[in-house]
Amino acid sequence: AAKRSAGTDFVVYEPGLGNTTSTRKDVVAELAQAIEDGELRTVYQPLIDLRSGRPIGAEALVRWQHPVDGLRSPDQFIGLAEESGLITRIGELVLGDACRQAARWVAECQGQDDLLVTVNLSARQVADDQIVDQVREALAASGLDPHRLVLEITETVLMQDRDAAAATLWLLKGLGVRIAIDDFGTGYSSLAYLRRFPIDMLKVAREFVDGLGRDAHDDVITRAIVELAGTLGLLTVAEGVETTQQSETVTALGCDIAQGYLFSRPIEADAVSAVMSASWLSDNVRPLPVELGR
Ligand code: C2E
Ligand code: MG
Ligand code: MG
Ligand code: MG
C-alpha cells in the first residue's frame, strides 16, 4: 500500500515498485519516462456472451512492462498516475489501443453485431473534459463504431463531483459510446444515479460473484442486481467468474455476459483476435479454453 507524508516529496512504499524506498517524485518521473519509452501496453480480458458461450469482446487493461522489475499491475501505478496527472496520457494510449484492436476484431468477425470493447476511466479522467476529445479522436482514428466502445467508471467516480461527472457522461453519450458501472454494488448505495446518468451496463463486482452458491447473501445481491438491470434495460456483466458453478449460477440468474479466469486471464490483443475469429467461424464453440489465459 502506498503511504505518504505531507510535504513536497512523498515517500512511497509499494511492493513491486522495487523494495527500496523512493520518493514520489522519482516514481512519477519513472512512470513518465516509461510512457515515453513505450513500456506501457494494453492487454485484454475476453468477455463471454453467456447465451452463446462465445467471446463477444474484451476489457482493455493496462500493464507496465518494466525492463528490470518485469510486469507491473495497474494497482501499483494507477493511483500515482491519477495524482500526478499522468493518467491523462495513459488513458489516451489505452483508448487508442482498445479502439484500434476492436476495429480489427470487427473486421475479422463480420456480422458479429454485438462485439464490444470496454475501457476503464478513473476519477480524474472523468473530471477532465479532455476525455471527450480523446474518445472522439480514438474513434475517428480507428473507425470503430461508437456503440462498440463501452467506458467503465465506478460509483465512487460518479459521486465525487456529480454535476461535472454528469455533464461529461452526457457529452460522451453524445458521441454514441456506452457507459458501464464497474464493480457495481461496492461503492455508494444510492441508486438514484441510475436515472440521473446515462448508464448502459452494470458489472457485478467480483466480491459478490465470488460467494455465489456458497453465500446466500451473494446469491440474493446478484439476483437483485440482475433484476434491477433487467427492469432498467441495462446489460449485466459478471466479473471475476472463476468456477463453473459461478458461471452456471450467473447464467441461471440471467446475466448477459461473464468475464473471469474460468474463461481467460487478460491476454495479448493477438490472442483475443485468434480466439474471437476462430469461435466466430466455427459452429460448435465452447467458452475459451482455460489454458489460453496464462
Ligand atoms: P477492474 O476494471 O475491475 O478490472 C478487473 C480486474 O480483475 C483486472 O485486474 C483483472 O485482471 C482482474 N480479474 C479478472 N478476472 C478475474 C478473476 O476471475 N479472478 C480474480 N481474482 N481477478 C480477476 P487488473 O488488470 O490488475 O486491473 C486492476 C484495476 O486497475 C482494474 O479493475 C481497474 O480499476 C484499473 N485499471 C486497469 N487498467 C486500467 C486503465 O487502462 N485505466 C484506468 N483508469 N484504470 C485501469
Ligand atoms: Mg473494469
Ligand atoms: Mg471491475
Ligand atoms: Mg476496479
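A polar contact is a pair of N or O atoms within 3.5 Å. The exercises below apply this and a few other cut-offs to a predicted model.

**Exercise 1. Find which side chains make polar contacts with ligand 1, and find how much of ligand 1 the protein covers.**

Step 1. Begin with Asp-182, whose side chain has a polar atom 2.8 Å from an oxygen atom of ligand 1; this pair counts as a polar contact because the limit is 3.5 Å.

Step 2. Continue with Arg-63, where a polar side-chain atom lies 2.9 Å from an oxygen atom of ligand 1, and with Glu-59, where an N or O atom of the side chain is 3.0 Å from an oxygen atom of ligand 1.

Step 3. Turn to the cover: on its own, ligand 1 has 800 Å² of accessible area, and the protein covers 85% of this.

**Exercise 2. Describe the surroundings of ligand 1, and state which strand gives the largest share of its shell.**

Step 1. Ligand 1 is surrounded by 24 residues, and the closest of them are Arg-63, Asn-120, Asp-182, Glu-242 and Tyr-261.

Step 2. Assign the shell to elements: at least two residues come from each of β4 (55–66), α3 (87–108) and β8, while the largest share, four residues, is supplied by β4.

Step 3. Place the ligand in the protein: the largest pocket is the space that ligand 1 takes.

**Exercise 3. Work out which protein atoms hold the magnesium ion (ligand 2), and how their residues are placed in the chain.**

Step 1. List the donors, which are Glu-59 (OE), Asn-120 (OD1), Glu-152 (OE) and Asp-182 (OD), at 2.0 to 2.3 Å from the magnesium ion (ligand 2); these atoms qualify as donors because the limit for this metal is 2.8 Å.

Step 2. Read the donors in chain order, which gives the spacing E-x60-N-x31-E-x29-D. Glu-59 in strand β4 and Asn-120 in strand β6 (residues 116–120) are 61 residues apart, and this pair links distant parts of the chain.

Step 3. Compare accessibility: Glu-59 has a relative accessibility of 5% and therefore counts as buried, whereas Asn-120, with a relative accessible area of 27%, is partly exposed. The cut-off behind the word buried is under 20%.

Step 4. Look at the side-chain partners of Glu-59, which makes a polar contact of 2.8 Å with the side chain of Asn-120 and another, of 2.9 Å, with the side chain of Lys-203.

**Exercise 4. Work out which protein atoms hold the magnesium ion (ligand 3), and which residue coordinates both this ion and the magnesium ion (ligand 2).**

Step 1. The donors are Asp-182 (OD), Asp-183 (OD) and two entries for Glu-239 (OE), and they lie 2.0 to 2.7 Å from the magnesium ion (ligand 3). Along the chain these donors follow the spacing D-D-x55-E.

Step 2. Use the positions in the fold: Asp-183 is in strand β8 (residues 178–184) and Glu-239 is in the loop between β10 (235–238) and α11 (244–252), so the pair ties together parts that are 56 residues apart in sequence.

Step 3. Compare accessibility once more: Asp-183 is partly exposed at 29% relative accessibility, whereas Glu-239, with a relative accessible area of 10%, is buried.

Step 4. Relate the two ions: the magnesium ion (ligand 3) lies 3.9 Å from the magnesium ion (ligand 2), and the residue that coordinates both is Asp-182.

**Exercise 5. For Leu-262, Arg-24 and Ile-90, decide where each residue lies and whether it is buried or exposed.**

Step 1. Leu-262 lies in the loop between β11 (257–258) and α12 (269–281), and at a relative accessible area of 16% Leu-262 is buried. The C-alpha atoms of Leu-262 and Ser-247 are 8.3 Å apart, although 15 residues separate the two along the chain.

Step 2. Arg-24 belongs to helix α1 (residues 24–36) and, with 17% relative accessibility, counts as buried. The side chain of Arg-24 is joined to that of Glu-83 by a polar contact of 3.2 Å.

Step 3. Ile-90 is found in helix α3 and counts as buried at 2% relative accessibility. Between the C-alpha atoms of Ile-90 and Ala-32, which are 58 residues apart along the chain, the separation is 9.6 Å.

Methods
Residues numbered from 1 in each chain as written. Chains lettered and ligands numbered in written order. Predicted model: local features only at pLDDT ≥ 70, side-chain atom pairs only at ≥ 80, totals over all residues. Heavy atoms only, no water. Donors = N, O, S within 2.8 Å, 3.2 Å for Na, K, Ca; no water. Buried < 20%, exposed > 50% of the residue type's maximum accessible area, 1.4 Å probe, protein only. Near = heavy atom within 4 Å. Polar contact = N/O pair within 3.5 Å; in protein donor to acceptor, adjacent residues only side chain to side chain. Areas by Shrake-Rupley, 256 points an atom, 1.4 Å probe, with all protein chains shown as cover. 1 Å grid on protein atoms, 1.4 Å probe; cavity = no way out; pocket = protein on both sides within 12 Å on 5 of 7 lines; lining within 4 Å. Sits in = over half its atoms within 2 Å of the grid points.
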